[in-house]
Amino acid sequence: MINWIEQINRCIECDECMGVCPTYRATGEYRFSPRGRLESAKRLLAEDILDESMIESFYNCPKCMACEQVCPEGIETSKIVAASRNRIVEKGRGPLEPHKKIIAGILEKGNSVNGDPSKRLDWMPEPFKPHESETLFYAGCLPSYLVKDSAVYSYLTLKRLGVDFMMLEDEGCCGTYIYESGEVEKAKDYFLKNTERFKALGIKKLILPCNGCFKCFKYFYPEVLGSIDFEVLHVVEVLYDRLKGQPDILRKVDREITYHDSCRLGRAEGITEEPREILEWCGASVKELPENRGNTPCCGSGGGIRSVFKDLSFDIAKDLLNKTPTEELVSPCPFCTFNLSYTAKKGALGKNVTYISKIIWESLK
Ligand code: SF4
Ligand code: SF4
């Protein structure tokens with residue numbers, strides 16, 4: 001068990017993390033900054049002190065890890081926030097009402113977006129056909145219901161490139177929301193059901209278009225269950241491997257775009273050059289945000305914050321969109337695509353946000 005207090009005590013108060021924190025930038029409030037959260041975590045985890053303002057500061061952190069990227073002491077603030085949420089739940093003070101509603105929806109309907117289970121596969125561009133494979137394409141809730149392009153074009157592109165995979169007719173949810181709310185024990189039960197199902201089906205590899213599912217299966221599952229016996233890949237990794245030997249199968253579509261590195265693929269995994277290469281093979285002229293790659297600003301929707309702190313998510317996304325140098329922004333994350341598209345439309349910011357697989361599909365000859 002990691003000693004979070006020992007980590008917090010390592011802080012040398014250099015303030016490197018303060019200027020990169022999206023919630024501190026958006027609000028100017030110290031309690032919504034990395035140092036503010038570390039102080040609150042110390043009070044909660046070491047002294048068992050908790051007040052409403054602390055609860056808000058733990059639940060409105062998108063766990064973007066921008067602070068960790070720059071911290072000279074290697075302090076894992078996003079994990080300390082997760083441990084604090086878990087303690088809040090243990091003390092009976094969390095999760096928050098919107099989280100409870102979403103968790104109830106996951107347990108009742110098998111998805112986190114209140115979707116009709118009978119319409120789960122409505123996104124599919126062709127009728128579902130049962131097929132056996134050791135590789136599972138797991139679309140995820142957001143792609144299946146709200147960001148259908150990310151499911152559709154990932155599915156079509158994988159098929160066109162000859163990737164063999166199966167799908168589940170009644171896929172269900174990865175359970176990331178349950179974990180993110182701090183309900184780790186509930187998440188454990190849910191994760192176990194999914195892993196047992198995968199085992200019974202002989203699944204050895206997951207391909208995911210959703211970064212929420214990706215992080216959950218790759219990191220939360222082994223953290224909570226001890227280990228997993230399947231490989232977890234983001235669709236961008238699979239498509240890059242398929243395309244790198246044959247980029248000339250892509251038709252050059254002349255367009256200027258900005259690529260946004262999602263926190264989970266860019267900062268956490270270091271997968272920053274592969275998507276840019278793919279976009280260039282597609283003929284795109286790739287422009288950059290002033291802060292990019294490992295330093296890219298969060299879109300403001302991660303860590304389960306958007307359903308509770310919508311205005312904060314909007315402000316963070318608006319700042320990012322205003323810094324985007326082109327009309328088109330390309331994302332490898334359905335959460336970012338959703339929040340940035342919503343913000344661009346609501347704020348009339350004149351930006352289009354496209355999920356990366358759609359660009360690839362449009363370029364395939
Ligand atoms: S994880 Fe992101 S939002 Fe949370 S404290 Fe760190 S920089 Fe701020
Ligand atoms: S960057 Fe790390 S050491 Fe510096 S103030 Fe932030 S948490 Fe403390």
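Is cysteine 14 buried, partly exposed or exposed, and what is the relative accessibility behind that assignment?

1. Cysteine 14. In this predicted model, cysteine 14 counts as partly exposed, because its relative accessibility is 36%, a value between the 20% and 50% cut-offs. Cysteine 14 also belongs to the surroundings of ligand 2, where it is listed among the closest residues.

2. Surroundings of ligand 2. The shell of ligand 2 comprises 13 residues, and the closest are Cys11, Cys14, Asp15, Cys17 and Cys71. Sorted by class, this shell contains eight nonpolar and five charged residues, with no polar ones.

3. Surroundings of ligand 1. Four cysteines, namely Cys21, Cys61, Cys64 and Cys67, appear around ligand 1, together with Pro22, Thr23, Pro34, Arg37, Pro62, Lys63, Met65 and Ala66. By class, nine of the shell residues are nonpolar, one is polar and two are charged. Three helices, α2 (22-27), α3 (34-47) and α5 (66-70), contribute at least two shell residues each.

4. Disulfides. The model contains zero disulfides under the distance rule applied. Cysteine 333 illustrates the point: the nearest cysteine sulfur belongs to cysteine 336 and lies 3.6 Å away, so the pair does not meet the 2.5 Å cut-off. Cysteine 333 is buried, because its relative accessible area of 4% falls under the 20% limit.

5. Glutamate 171. This residue sits in the loop that links α9 (148-160) to α10 (176-180). Glutamate 171 has a relative accessible area of 4% and is therefore classed as buried. Its side chain forms a polar contact of 2.7 Å with the side chain of arginine 120. In addition, a polar atom of the glutamate 171 side chain lies 2.8 Å from the backbone nitrogen of glycine 140. Leaving aside residues up to four places away in sequence, the residues touched by glutamate 171 are Arg120, Phe137, Tyr138, Ala139, Gly140, Ser144 and Arg197.

6. Overall fold. The protein has 18 helices and seven strands. Its radius of gyration is 20 Å, close to the 21 Å given by the globule rule for 365 residues, which means that the protein is as compact as a globular protein of that length. Along the principal axes, the C-alpha atoms occupy a box of roughly 60 × 45 × 35 Å.

7. Burial and contacts. Of the 365 residues, 56% count as buried. Among contacts between residues at least 6 apart in sequence, 76% connect residues at least 24 apart.

Conventions:
Residues numbered from 1 in each chain as written. Chains lettered and ligands numbered in written order. Predicted model: local features only at pLDDT ≥ 70, side-chain atom pairs only at ≥ 80, totals over all residues. Heavy atoms only, no water. Helix = DSSP H or I, 4+ residues; strand = E, 2+ residues; numbered from the N terminus. Buried < 20%, exposed > 50% of the residue type's maximum accessible area, 1.4 Å probe, protein only. Polar contact = N/O pair within 3.5 Å; in protein donor to acceptor, adjacent residues only side chain to side chain. Contact = heavy atoms within 4.5 Å. Near = heavy atom within 4 Å. Nonpolar A, V, L, I, M, F, W, Y, C, P; charged D, E, K, R; others polar. Rg over C-alpha atoms; globule rule 2.2 N^0.38 Å.
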